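Hi everyone, thanks for making room for me today. I'd like to walk you through one model, starting with the overall fold and then turning to its pockets.

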Amino acid sequence: MTEIRKVDRPALPQRDPNGHKGTFGRTLIIGGSVGFSGAVCLASTAALRSGSGLVTTAIPQSIQSTVAGYEPSFMTVGLPVNRRGLLQSSASAIVPSLIKGKDSVGIGPGLGTSPAAASVLRAVFESALCPVVVDADGLNLLARNRLLFMRQKSPVVLTPHPGEFARLTGHSIEQIQANREVLAARFANESGAVVVLKGPGTVVTDGRTLFRNTSGNSGMATGGSGDVLTGVIVSLLGQGLSPFNAAAVGVYAHGLAGDLAAAALGPQGMIASDLLRFLPPAWREIDGSQSSTCR
């Protein structure tokens, strides 16, 4: 493997003062299942809180009203379900039309690992021409069927925690934690994806370039934090950042929101939805630091 170049955090995208909804990205997030509607709600709201112009959330029809009621600012599309409210494989036939015209796609939060979910993920890889973020159950489906990588037509960002990365690579969690940068870069080279290996000092790499994050705290070690990160990254991709830059900026902003939340609330009492509240001031702080640096 060639020597990895370590870089600082990339800059935020410039926001056109004369832009409109379409200017700032049309994003699709696919996920959710009965009992796991929160994950896709967090991801979709995070995308809005990170600057996306339009966010569409595709979820099983059985939880559509729950998801739509969480946040009225994103649109919802109900995917077909069976009598038990579980996703049907026929949902995969809808995916190409959902993706058409989108600037980025996120898939995985709360999706489940059923055969129907696998067929939806396969359809995303076969039809998406825009960048795709795969997280959570999407990663577990990839671990079961690595051949899905052969179907990808577009840039892919993978956002595993160490347990998910262990399933993807076959390494133990202990091996991964002892060699985070090397193993993440190696898998990025092998898969052709940008890898975001989460945890303290999150590693972002495309196999040639590496960013190690410095923001974040223990209060973010709570269910749903990763779903928020998915929404942040998929939003930045939709706004035109490259996969590596979107991932690097995203993990920093996500961690900074966590730091601001911890300063206000204390790390023990934090929950994932607190990150949504502190994303706007995190973006303002990042934007302000960029502006002062440019003077």
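Here is the overall picture, followed by the two pockets I'd like us to look at.

Please keep in mind that this is a predicted model. The protein chain contains eleven helices and ten strands. How does its radius of gyration sit against that of a compact globule? For 295 residues, a compact globule would come out near 19 Å, and the protein chain has 18 Å, so the two agree. If you prefer dimensions, the C-alpha trace spans about 55 × 45 × 40 Å along its principal axes.

Now for the packing. Of the 295 residues, 56% count as buried. Among contacts with a separation of 6 or more, 67% are between residues 24 or more positions apart. On the outside, the chain exposes about 12,600 Å², with carbon and sulfur atoms supplying 51% of that area.

On to the pockets. The largest pocket holds about 560 Å³ of space. Its lining has 26 residues, and those nearest the centre are Lys-198, Gly-199, Met-220, Ser-225 and His-254. Which elements give two or more residues to this lining? They are α9 (225-238) and α10 (243-265), and α9 gives the most, with four residues. By type, the lining divides into six nonpolar, 16 polar and four charged residues.

The second largest pocket has a volume of about 220 Å³. Its lining includes Leu-12, Pro-13, Gln-14 and Arg-15, along with Arg-49, Ser-50 and Gly-51. Leu-236, Gln-239, Trp-283 and Asp-287 also line this second pocket. Here the split is four nonpolar, four polar and three charged.

Thanks for listening!

Technical notes
Residues numbered from 1 in each chain as written. Predicted model: local features only at pLDDT ≥ 70, side-chain atom pairs only at ≥ 80, totals over all residues. Heavy atoms only, no water. 1 Å grid on protein atoms, 1.4 Å probe; cavity = no way out; pocket = protein on both sides within 12 Å on 5 of 7 lines; lining within 4 Å. Points joined across faces, edges and corners; volume = space filled by probe spheres on them. Nonpolar A, V, L, I, M, F, W, Y, C, P; charged D, E, K, R; others polar. Rg over C-alpha atoms; globule rule 2.2 N^0.38 Å. Buried < 20%, exposed > 50% of the residue type's maximum accessible area, 1.4 Å probe, protein only. Contact = heavy atoms within 4.5 Å. Areas by Shrake-Rupley, 256 points an atom, 1.4 Å probe, with all protein chains shown as cover.
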